[in-house]
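Hi there,

I promised to pass this one on to you, so here it is. Have a look at it first, and then read on for my notes.

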Amino acid sequence: MGRGRRAALAAALGVVLAAGALTADPALAQPTPSAGHGRHADEGSQDGDRGGDRQGDGRGDDKDGGRSDGRGGGEQRRDDRHRAVPLKGPVLAEGDAADSKAPTDDGLRTALGGTVQDKALGTLNFAVADAATGEFLFGAQESTPATPASTTKLATAVAALALLPAGHRIATTVVRAAPGEITLVGGGDPTLTALPADQVRIGGLPADQDSAPASMADLAHRTATALKAAGTTEVKLSYDTSLYTGPLLHRDHDAMNIAAVTPLMVDEGRIDPRSPDEAPARVFDPAGQAADSFAGFLGAEGVTVRGKPAAAAAPAEAAELARVESPTIGRLVERMLTTSDNTLAEAVARQAAVAAKQPASFEGAAKAVTDELAGLGVPLDGVLLTDGSGLAKANLIPPITLVKLLAVAAAPAHPELRPVITGLPVAGFSGTLVNRFGAKSGAGEAAGIVRAKTGTLQGVNTLAGTVVDADGRVLAFALMTRTDADPAAARAAVDRIVARIAACGC
């Protein structure tokens, strides 16, 4: 009966795909080439060390997909056209302890066999747990800290969703600083866009109503309406970035995989907001770019901006003239995980810091995340976080911590954490897994029944997520490698391990 239920789950996913909730081209669900793809975040930015995790094939870190050297544009653009947006609800049901059993230690050892000895894996730390109970089932060096790369985003996501109300949205506001003067105040929303709604793309696809970003044009229109109602058609404009403290630049900043970390930006600081590249060139001053964009939209609304916008903190009691708001924190988390967006991850981490009354900085965000995870009962022995995105090689997380994070996120007791699960890419179909678990990968049988967060830095490949085994049990897994092997070979070896876990009725 368990096997039948697993088939039903896979069939249900097929219905979802056919209905268009996910867009996939079977020809794209092939093993990631060793080179020549576009940069993704997770897969590596490709200078090796940098890519946090971006979208799907290897640019940055997770964008995890593929180009491990950061070159290649045409194929990347093709990938983007087929990358799916996050699903609104769970694809895979939770395990039901009443009519299926978790696999045993011996059963998993036999099922995995020599796959965990593949030389392409280098040093492998891994853990498998029962997602329904969080019970550890099998692993090797599961308590030994390893570089998580973009699987760090799982920690960021869980903490943010636990700290913030489900309806939390990030506001960008305009206030009246003085007579004839207004201030654009950044609230930490990097997804704010200057593009028309019909040109917005998330993971290469149009945004749905729930995930559509706030519009700079809308903010200018609302501001102009308020100003004109007060008889004002000419203003001096300043902009406020005081919400964040500490360094603007990530220690591994490369102006592609991540923008300068500021609470005011438009289109994540991209030089070309329409660029399909997952590690696009970024502007030097995202806040200044956003202010200039806003001034341009005000001019189009008939409000003249005197001089060039300047940075200045808004008066504490300044009256608000207008605001726009981001999608909810749950939708932002889904977007962050599916596309492995480093810039968004650092913003989400700072929202967690603000909620925890910590400084909105790299250090404050890391403390907020670890403190909240401790409160949720997640084991933190050996955990070291220095960012929210996973770009930093200094980060350390043991596999056992990652599987516990996933189990907590899947637990019925924590419905507020469900976007962590729904935001995970689906093997062979979406996000940073769109080009993995293909028919020629040796792991194709697991396509559609694995949801996982990728992580790629130079010499590091990680994968952590959930899978339905042959008995219908949902398992959580975390695989963390350090290797000198070709990145594509290492990722394929990791995927084959996950496929064996999926096939296990043991």
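Below is what I found, going from the whole chain to the sheets, the helices and a few single residues.

Please keep in mind that this is a predicted model. The protein has 506 residues, and 58% of them are buried. Its secondary structure amounts to twelve helices and 14 strands. If you take the contacts with a separation of 6 or more, 70% of them join residues 24 or more positions apart.

**The antiparallel sheet**

One open sheet has five strands, in the order β4-β3-β14-β13-β12, with antiparallel pairing. Its edges are β4 (136–140) and β12 (450–457), each of which pairs on one side only. From one strand to its neighbour the turn averages 5°, direction ignored. Inside the sheet, β3 (residues 123–130) and β14 (residues 474–482) are joined by eight bridges in the antiparallel sense. If you want a place to start looking, Asn125 stands opposite Met480 in β14.

Helix α12 (residues 487–503) lies across β3, β12, β13 (460–468) and β14, and it runs at about 20° to β13.

Two residues of this sheet are worth a click. The first stop is Thr481, in strand β14. Thr481 counts as buried because its relative accessibility is 4%, under the 20% cut-off. Its side chain reaches the backbone oxygen of Asn461 at 2.9 Å. Leaving out residues up to four places away in sequence, Thr481 touches Leu121, Thr123, Leu124, Gly459, Val460, Asn461, Thr462 and Val494.

The next stop is Val467, which belongs to strand β13. With a relative accessibility of 0%, Val467 is buried as well. Beyond its neighbours within four places in sequence, its contacts include Ile449, Val450, Arg473, Val474, Leu475 and Phe477, and also Ile501 and Ala502. Val467 and Ala452 are 15 residues apart in sequence, and their C-alpha atoms are 8.4 Å apart in space.

**The mixed sheet**

The other sheet I looked at is also open and has five strands, in the order β10-β9-β6-β5-β11, but here the pairing is mixed. β10 (304–311) and β11 (319–328) are the edge strands; each has a single partner strand, so one side of each is left without a neighbour in the sheet. The twist from one strand to the next averages 20°. Strand β9 (residues 234–240) pairs with β10 in the parallel sense, over five bridges. Within that pair, Lys236 has Arg306 in β10 as its bridge partner. Helix α5 (residues 216–229) packs on this sheet, where it touches β5 (169–178), β6 (181–185), β9 and β11, and its direction makes about 160° with that of β11.

**Helix α6 and Ser293**

How far apart are the end C-alpha atoms of α6, and does that agree with, or depart from, the span its 15 residues should have? They are 21 Å apart, and 15 residues at 1.5 Å a residue should span 21 Å, so the two agree.

The buried residues of α6 are Pro286, Ala287, Gly288, Ala290, Ala291, Ser293, Phe294, Ala295 and Leu298. The elements that cover them include β5, β6, α5, β9 and β10. Just after the helix, Gly302 takes a positive phi of about 90°.

Ser293 sits in this helix, which covers residues 286–300. Is Ser293 buried or exposed? Its relative accessible area is 18%, and the cut-off for buried is under 20%, so Ser293 counts as buried. Apart from residues up to four places away in sequence, Ser293 touches Ala194 and Met216.

**A helix pair**

Last on my list are α4 (residues 152–163) and α10 (residues 399–410), whose axes come within 10 Å and cross at roughly 35°. The crossing of α4 past α10 is left-handed. On the α4 side, Leu154, Ala155 and Val158 take part, and they meet Leu402, Leu405, Leu406 and Ala409 in α10.

That is everything from my side for now. Enjoy looking around!

Best wishes

Terms used: Residues numbered from 1 in each chain as written. Predicted model: local features only at pLDDT ≥ 70, side-chain atom pairs only at ≥ 80, totals over all residues. Heavy atoms only, no water. Pairing = 2+ DSSP bridges. Helix = DSSP H or I, 4+ residues; strand = E, 2+ residues; numbered from the N terminus. Axes fitted to C-alpha atoms, helices over the stretch in contact; angles between N-to-C directions. Contact = heavy atoms within 4.5 Å. Buried < 20%, exposed > 50% of the residue type's maximum accessible area, 1.4 Å probe, protein only. Expected span 1.5 Å × (residues − 1). Polar contact = N/O pair within 3.5 Å; in protein donor to acceptor, adjacent residues only side chain to side chain. Left-handed = near helix turned anticlockwise from the far one by under 90°.
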